[in-house]
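User: I should like to understand how the descriptive terms applied to a protein model are justified. Could each term be set against its definition?

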Amino acid sequence: MDIVEKLIKKLQKKRGNIPSKLVEDLGNTRDPQAVEPLFYALKEGNCKVRKETAVALGRIGDSRAVRPLIHALNDWDLDVQKAASEALVKIGEPAIQHLINAMKMKNWRMRKTAARVLGEIRNTRTIEPLINALTDSNSYVRKAAVEALGEIKDTRALRPLINALNDGDPDVKMASSEAIVKIGEPSVQPLINEMKKGNWEVRKKAVEVLGNIGDAKALEPLINALKDGNLHVRIAAAEALGKMKDSKAVEPLINVLEEPGFTIMTEKAAWALGEIDDVRCVSPLFNKLKDLNLYFIRESLEKICGRMPANGHILFCKKCLHIGESHKFEITANKSINYISCRNCHSTLNLIKGIEKIILLIDNSFEEACVQKEGTFTVNWFKKKEPFDFDEIWIKEADDFEVEELVMKLKNDEDNKRRKRLASIPVYLSPFLKLPPSIRNLLKDTFKNILAKKQFSG
Ligand SMILES: [Zn+2]
């Protein structure tokens, strides 16, 4: 007699008082012979034994255990229920049809549990019955079906799940939006289509779910939804854009913020701007703060300014071609915000990040006004012709008159700080440049640091 047979014999002898260890040992043998003898323990043992029996049956994984385990889903003890559903998930495929049948039972708890277990088995064969359960009369069953469909993530469930966003039960609605978020990218286009429909509640739900999915394809429709005819949709759109944290939403949100007076949208736009890491919105928020000294505008400002780089030079105003300058703003007697704005226009609206070097370029063959390439910002002197903030001068192609004009304009710069820096600015000259000695001397006297440069990129 082998060990399994011995254990089975022992189990049959102990009928009135089965030790849970024995059941456990039988499960560990993983021997199909043990399955049927264990049914008695699943039905008649105490709750600990019933639970261990379900675990053992799951471990053996034999399809004969499916029916008794489904029956055990209805056990009054929650631990037994849980162990039975886990065992069914382990058995998997052979349990599917029985669970689908269980979803037609009168007992709603059984229908709910069956739906849940099917979700965990994650087999696409179960999509149809789960979709049918979305119209179940019991909201707990509908919620379990929605959650199961979210686990399986099959796109066939999308349409029914989108419809379930309109379910009469708030929990089902919530679960549906979570399930759609789990399905993710494939739901984006259907939700965008949903936003074009008449019902504002549907539009609002679609906007919320799109914000949670966070796919860039939804950005433009969400920005458009800031102008929706329904206030609830507009609020949801501002919230979604704040969650997505995409800089493309900054300008449209600033437009909302700048609408006169104070509405709920002022608050939502200020919040969303605080979520997006973009220095451009600091000035508009300060302007609004002057009109309406509201805590939520201060909060957003604190958030954005807290993320600003400490060094002003890293921010550069691409409109004025001036670097940033640090400021301190007292919110209350003992609280202040440090922020950076353009040294010239004092606004943050045109600040760009990550500029490490600004080059003043003299090159007759260069057509653009300015070029940004990674950390380098190159400005065409011939398009600007007025002093601005720069770190280096590159002279590639110019005549002596043009070079002299540049030097004179820089020497007469009204900006003292910048004028005093001239001596330390390096000047790179092309070896092909033909300049008379007088101009070369003028350069030497003004800048001291004259270098030759063969390669001019940018
Ligand atoms: Zn500026």
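Analyst: A crossing is left-handed if the near helix is turned anticlockwise from the far one by less than a right angle, and right-handed if clockwise. In this predicted model, helix α7 passes α8 in a left-handed crossing.

User: What makes α7 roughly antiparallel to α8?

Analyst: The axes of α7 (residues 93-102) and α8 (residues 108-121) come within 8 Å and cross at roughly 150°. Angles over 145 degrees count as roughly antiparallel, and α7 is therefore roughly antiparallel to α8.

User: Which residues make this contact, and how do they divide into nonpolar, polar and charged?

Analyst: From α7 come A95, I96, L99 and A102, and from α8 come M110, R111, A114, V117, L118 and I121. Nine of the residues in the contact of α7 with α8 are nonpolar, none is polar and one is charged. Arg belongs to the charged class, and R111 of α8 takes part in the contact.

User: Why are α2 and α4 called roughly parallel or antiparallel?

Analyst: The axes of α2 (residues 20-29) and α4 (residues 47-60) cross at roughly 5° and come within 8 Å. Since angles under 35 degrees count as roughly parallel, α2 and α4 are therefore described as roughly parallel to each other. In this contact, S20, V23, E24, L26 and G27 of α2 meet K48, V49, E52, T53, V55, A56, R59 and I60 of α4. The residues of the contact of α2 with α4 comprise six nonpolar, three polar and four charged.

User: Which strands stand at the edges of the open sheet, and what makes them edge strands?

Analyst: The open sheet has four strands in the order β3-β2-β1-β4, with antiparallel pairing. Strands β3 (335-342) and β4 (351-352) each have a single partner strand, so one side of each lacks a neighbour in the sheet. The partner β2 (residues 322-332) is joined to β3 by eight bridges; two strands pair if at least two bridges are found between them. K328 stands opposite N338 in β3. Helix α20 (residues 295-306) lies across β2 and β3, at about 65° to β3.

User: How do you know whether S365 is buried or exposed?

Analyst: S365 has 7 C-beta neighbours inside 10 Å. A residue is exposed if it has 12 or fewer, and S365 therefore counts as exposed. S365 is found in the loop between β5 (357-363) and β6 (370-373). The C-alpha atoms of S365 and A84 lie 79 Å apart in space, and the two residues are 281 residues apart in sequence.

Conventions. Residues numbered from 1 in each chain as written. Predicted model: local features only at pLDDT ≥ 70, side-chain atom pairs only at ≥ 80, totals over all residues. Axes fitted to C-alpha atoms, helices over the stretch in contact; angles between N-to-C directions. Helix = DSSP H or I, 4+ residues; strand = E, 2+ residues; numbered from the N terminus. Parallel < 35°, antiparallel > 145°, perpendicular 65-115°, else oblique. Contact = placed C-beta atoms within 7 Å. Buried ≥ 20, exposed ≤ 12 C-beta atoms within 10 Å, placed from the backbone.
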